[in-house]
Amino acid sequence: MPNAILDPTGTAATSSASTHTAQPAASRAPRPASLNGKRVGLLINTKLNARPFLEEVGRLLTEQYGVTVTKRTKQNFAVPETEDAVKEMAAESDVIVTGVGDCGSCSAAAAADGVVLEAAGVPVAVIVTDSFRATADAMAALRGAPGYRYATTAHPVAVLAEDQVKARAAQVLDDVVALLTQQGNVGE
């Protein structure tokens with residue numbers, strides 16, 4: 001009897017051949033000119049320090065742009081969000097920040113979430129640690145968005161003290177703002 005093979009992309013194969021067909025390139029959602037007064041959704045994975053990292057990004061965005069922040073915690077950091085969760089977040093948020101990808105599976109899931117949320121019409125800033133760029137790139141390409149842009153922070157995040165987490169969030173803030181608005185390109 002054959003062994004089951006799990007698909008790390010979080011998708012179910014529709015045939016026993018388990019092949020992936022090419023998907024059309026995903027487009028980015030239209031960006032607002034500014035974040036002033038926008039509704040920012042934080043999609044928080046359950047990795048250690050992801051919550052305080054993203055909450056600090058949210059606090060800084062509130063302080064600097066007068067945004068309102070809503071938070072959603074993922075059920076599983078290694079699996080992309082469900083279609084229902086994507087629809088809910090898209091309805092309640094003008095822009096979304098997600099991550100922090102601090103391992104291979106959570107980086108892949110964050111990139112997948114970003115691509116899907118963008119397809120739902122919401123600009124997204126995905127944050128992964130620099131050690132997992134290849135994972136995020138591979139997942140984005142698999143999801144039809146080769147060259148998908150995201151922000152990076154130094155690896156690791158999980159072992160940082162509270163003040164270090166806040167400092168890292170502040171360091172990535174300009175890249176997050178650039179990804180969410182019409183400001184321009186973020187260097188990777």
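Asparagine 49 lies in the loop between β1 (39-44) and α1 (50-65). Its phi is near 75°, a positive value in a residue other than glycine. Asparagine 49 is buried, because its relative accessible area is 14% and the cut-off for buried is under 20%. The model is a predicted one. The points below move from the whole chain to the cavity, then to a helix and some single residues.

**The chain as a whole**

- The chain has 5 helices and 5 strands.
- Read from the N terminus, the elements run β-α-β-α-β-α-β-α-β-α.
- The chain has 188 residues, and 45% of them count as buried.

**The cavity**

- How many cavities of 30 Å³ or more does the structure hold? The count is 1.
- The largest cavity encloses about 30 Å³ of space.
- Its lining includes Leu43, Asn45, Lys74 and Phe77.
- Thr98, Gly99, Cys106, Ala109, Ala110 and Asp113 also line the largest cavity.
- Which elements supply at least two residues each to this lining? They are β3 (95-101) and α3 (104-119).
- The largest share of the lining comes from α3, with 4 residues.
- By residue type, the lining divides into 5 nonpolar, 3 polar and 2 charged.

**Helix α3**

- Helix α3 has 16 residues.
- From its first C-alpha to its last, α3 reaches 23 Å. That is close to the 22 Å expected at 1.5 Å a residue.
- Is α3 mostly covered or mostly open? It is mostly covered, with 12 of its 16 residues buried.
- The buried residues of α3 include Cys106, Ala109, Ala110 and Asp113. These four names also appear in the lining of the largest cavity.
- Also buried in α3 are Ser107, Ala108, Ala111, Ala112, Gly114, Val115, Leu117 and Glu118.

**Cis peptide bonds**

- The peptide bond from glycine 99 to valine 100 is cis, with omega near 0°.
- Valine 100 has its place in strand β3. Gly99, its partner in the cis bond, is one of the residues that line the largest cavity.
- Histidine 155 and proline 156 are also joined by a cis peptide bond. Here omega is about -5°.
- Where is proline 156 found? It is in the loop between β5 (151-153) and α5 (162-180).

**Rings and charge**

- The count of aromatic pairs comes to 0.
- A charge does sit over a ring, though: the charged end of lysine 47 lies over phenylalanine 77.
- That charged end is 4.6 Å from the centre of the ring.
- Phe77 is also one of the residues lining the largest cavity.

**Leucine 173**

- Leucine 173 is found in helix α5.
- Why does leucine 173 count as buried? Its relative accessibility is 4%, and buried means under 20%.
- Leucine 173 and alanine 151 are 22 residues apart in sequence. In space they are 9.0 Å apart, C-alpha to C-alpha.

Methods:
Residues numbered from 1 in each chain as written. Predicted model: local features only at pLDDT ≥ 70, side-chain atom pairs only at ≥ 80, totals over all residues. Heavy atoms only, no water. 1 Å grid on protein atoms, 1.4 Å probe; cavity = no way out; pocket = protein on both sides within 12 Å on 5 of 7 lines; lining within 4 Å. Points joined across faces, edges and corners; volume = space filled by probe spheres on them. Nonpolar A, V, L, I, M, F, W, Y, C, P; charged D, E, K, R; others polar. Phe/Tyr/Trp six-rings, centres within 6.5 Å; stacked < 30°, edge-to-face > 60°. Lys NZ or Arg CZ within 6 Å of the ring centre and 35° of its normal. Expected span 1.5 Å × (residues − 1). Buried < 20%, exposed > 50% of the residue type's maximum accessible area, 1.4 Å probe, protein only.
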